[in-house]
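Colleague: Before I set anything up, could you take me through the model in front of us, with the cut-offs behind each term?

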Amino acid sequence: MQKYVIHGGKPLSGTVSISGAKNAAVAIIPAALLVDGVCRIENIPQISDVTLILRILQELGAGVHLVNRHTVEIDSRHIASFRVPDQLSRKMRASYYLIGSLLGRFGRAMVSMPGGCDLGTRPIDLHLKSFQALGAEVSVESGYVHATAPNGRLHGAGIYMDQASVGATMNAMLAAVRADGTTTIENAAKEPHIVDLANFLNTMGADITGAGTDVIRVRGVKSLHGGAYSIIPDQIEAGTYLAAVTAAGGDVVIQNVIPKHLDCITAKLEEMGVQVEEYGDSVRVVRRGALRRTNIKTMPYPGFPTDMQPQIAACLCLAEGTSVINEGIWENRYRYVSEFRRLGAHIQVDGKIAVIEGVERLTGASLRACDLRAGAAMVVAGLAAEGTTEIGCIHYIERGYEKLVEKLQGLGADIRVVDVPEEDGQQADQAG
Ligand code: UD1
């Protein structure tokens with residue numbers, strides 16, 4: 001086991017390049033199961049969630065060839081299994097995309113109920129309702145989702161999302177892409193990775209329109225062919241570096257981004273007194289003076305993303321005045337608060353509301369990551385805190401951030417990875 005050790009309180013400077021989007025990659029890789037040919041997928045992030053989903057595809061019988069660190073070729077032509085091994089799929093939330101992909105390919109799927117970060121109850125009822133609307137019979141037995149299309153064929157249908165769910169929208173698209181007839185998804189989620197999945201599928205011969213709006217139309221096609229596709233940059237990774245500069249101060253150029261995807265984040269940072277300049281595929285972020293308070297409400301895209309809530313909270317801990325956060329998506333997304341308090345932050349939580357009274361400085365402490373974005377937020381706070389911050393359980397963070405330590409070192413941060421003796425690591429994990 002390993003931990004991060006950060007000597008904080010130093011401004012950041014230089015240039016950092018953003019990797020491919022995790023939440024797009026974990027949907028696009030399973031989508032390759034629908035393709036009768038070889039898919040070349042470029043700009044995949046080198047993170048443990050991607051390693052895991054590629055392993056699952058291999059276990060199903062797909063040919064997976066890593067061309068280089070960021071490019072993979074997937075050949076799903078000879079897959080014969082629609083059953084996903086339990087021990088792998090339980091490790092990640094996004095394994096639910098295997099249900100839509102296998103159902104779309106075989107008219108049948110058997111996938112263990114998904115795992116992933118504990119952000120409260122994470123139901124998949126909207127996913128299952130979408131499959132049912134397309135004609136599948138769905139049941140959950142002994143921890144597995146069983147989905148079967150009678151006669152092996154799904155048919156197009158009207159699907160109304162009770163809630164604009166990212167995962168359910170993408171899963172409905174995956175299942176519908178090779179169904180007979182047209183599917184209309186209303187009240188669809190609009191996140192950038194939904195558009196990316198639609199673009200990937202269309203490159204392989206699908207007929208999907210409206211992705212990025214709240215009505216998506218999928219005209220079923222008989223088959224998909226191979227092709228090449230490059231994944232979009234990660235909005236949340238870029239946002240995390242924006243937050244790091246906001247908290248620690250400095251002047252950094254963040255390259256390989258789509259600035260439009262960052263507007264919902266940069267608007268708030270500017271309110272806090274941070275300067276953000278947009279260029280074609282990069283942004284420059286400068287923070288020199290004091291931070292001002294603000295209020296945040298997390299919402300589906302294009303609102304402020306819930307996956308940036310812990311990182312912005314780290315910044316608000318150091319802003320002048322009192323800020324209020326309203327978590328609008330997840331019921332249990334403040335598990336980092338007790339760790340922040342160890343750094344000297346003043347935060348009170350009541351249900352979905354957190355009230356943060358800014359303090360003049362944070363001071364280093366020993367922390368433990370409790371989920372992916374909470375862990376990233378602890379790194380942001382540690383970079384700003386004076387003294388030494390240690391962060392354990394970093395496997396959560398490595399699920400979603402490629403070369404975090406190297407990238408931060410490139411910005412002048414004093415952060416390194418240190419081995420934790422086996423016994424200490426086990427104690428930390430049990431306590432978590
Ligand atoms: C995805 C992201 C996650 C992000 C979230 C919201 C991936 C792999 N994960 O998660 O990082 O925090 O979007 O931007 O892309 N809901 C239901 N029933 C369902 C599905 C969802 O009630 O069947 C509710 C959830 O409890 C939650 C809300 O809908 O309150 C949004 O969830 P959803 O958009 O589905 O999140 P995920 O796709 O799981």
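The conversation below goes through the ligand site, the salt bridges and some single residues.

Modeller: This is a predicted model, in which local features need pLDDT of at least 70 and side-chain atom pairs count only at pLDDT 80 or more, whereas totals for chains, interfaces and linings use all residues. Residues are numbered from 1 along each chain as its sequence is written, and side-chain values use heavy atoms, with hydrogens and water left out.

Colleague: How many residues surround the ligand, and of what class are they?

Modeller: A residue is taken as near the ligand if one of its heavy atoms lies within 4 Å of it, and the closest include Asp125 and Asp307. For the classes, Ala, Val, Leu, Ile, Met, Phe, Trp, Tyr, Cys and Pro count as nonpolar, Asp, Glu, Lys and Arg as charged, and the others, Gly among them, as polar. The shell holds 19 residues, divided into 7 nonpolar, 7 polar and 5 charged.

Colleague: What is the distance between the polar side-chain atom of aspartate 307 and an oxygen atom of the ligand?

Modeller: I use polar contact for a pair of N or O atoms within 3.5 Å; within protein, one must be able to donate a hydrogen and the other to accept it, and residues adjacent in sequence count only if both atoms are side-chain atoms. Around the ligand, an N or O atom in the side chain of tyrosine 96 lies 2.8 Å from a ligand oxygen, and a polar backbone atom of glycine 167 is also placed 2.8 Å from an oxygen of the ligand. For the polar side-chain atom of aspartate 307, the distance to a ligand oxygen is 2.6 Å.

Colleague: What share of the area that the ligand exposes when taken alone does the protein bury?

Modeller: Accessible areas come from the Shrake-Rupley method with a 1.4 Å probe, and for residues only the protein chains shown count as cover. Taken alone, the ligand exposes 740 Å², and the share of this that the protein buries is 90%.

Colleague: Which element gives the most residues to the shell around the ligand?

Modeller: Helices (H or I, at least four residues) and strands (E, at least two) are DSSP runs, numbered from the N terminus. Two elements, α5 (125–133) and α6 (166–176), give two or more residues to the shell. The one that gives the most, with 3 residues, is α5.

Colleague: Against which elements do the buried residues of α5 pack?

Modeller: Buried means under 20% relative accessible area, exposed over 50%, and partly exposed in between (1.4 Å probe, protein chains only). In α5 the buried residues are Leu126, His127, Leu128, Ser130 and Phe131. They pack against α4 (97–106), β7 (137–141), β8 (144–148), β9 and α6.

Colleague: Which residue forms a salt bridge with aspartate 162?

Modeller: A salt bridge is a side-chain nitrogen of Lys or Arg within 4 Å of a carboxyl oxygen of Asp or Glu, and the structure holds 17 of them. For aspartate 162, the closest N and O atoms of the pair are 2.7 Å apart, and the partner is lysine 129.

Colleague: Is lysine 407, which meets glutamate 237 in a salt bridge, buried or exposed?

Modeller: The side chains of lysine 407 and glutamate 237 meet at 2.7 Å, N to O. Lysine 407 lies in helix α14 (residues 404–410) and glutamate 237 in helix α8 (residues 235–248), so the pair ties together parts that are 170 residues apart in sequence. Glutamate 237 has 3% relative accessibility and counts as buried; lysine 407, at 13%, is likewise buried.

Colleague: Which residues are linked with Arg284 in a network of salt bridges?

Modeller: Arginine 284 and aspartate 251 meet in a salt bridge through their side chains (2.6 Å, N to O). This pair links strand β16 (residues 282–287), which holds arginine 284, with strand β14 (residues 250–255), which holds aspartate 251. The residues linked with Arg284 in the network are Asp251, Glu277 and Arg288.

Colleague: With which side chain does aspartate 75 make a polar contact?

Modeller: Aspartate 75 lies in strand β5 (residues 71–75) and counts as buried because its relative accessibility is 19%. Not counting residues up to four places away in sequence, aspartate 75 touches (heavy atoms within 4.5 Å) Gly37, Val38, Ala62 and Gly63. Its polar contact, at 3.0 Å, is with the side chain of arginine 77.
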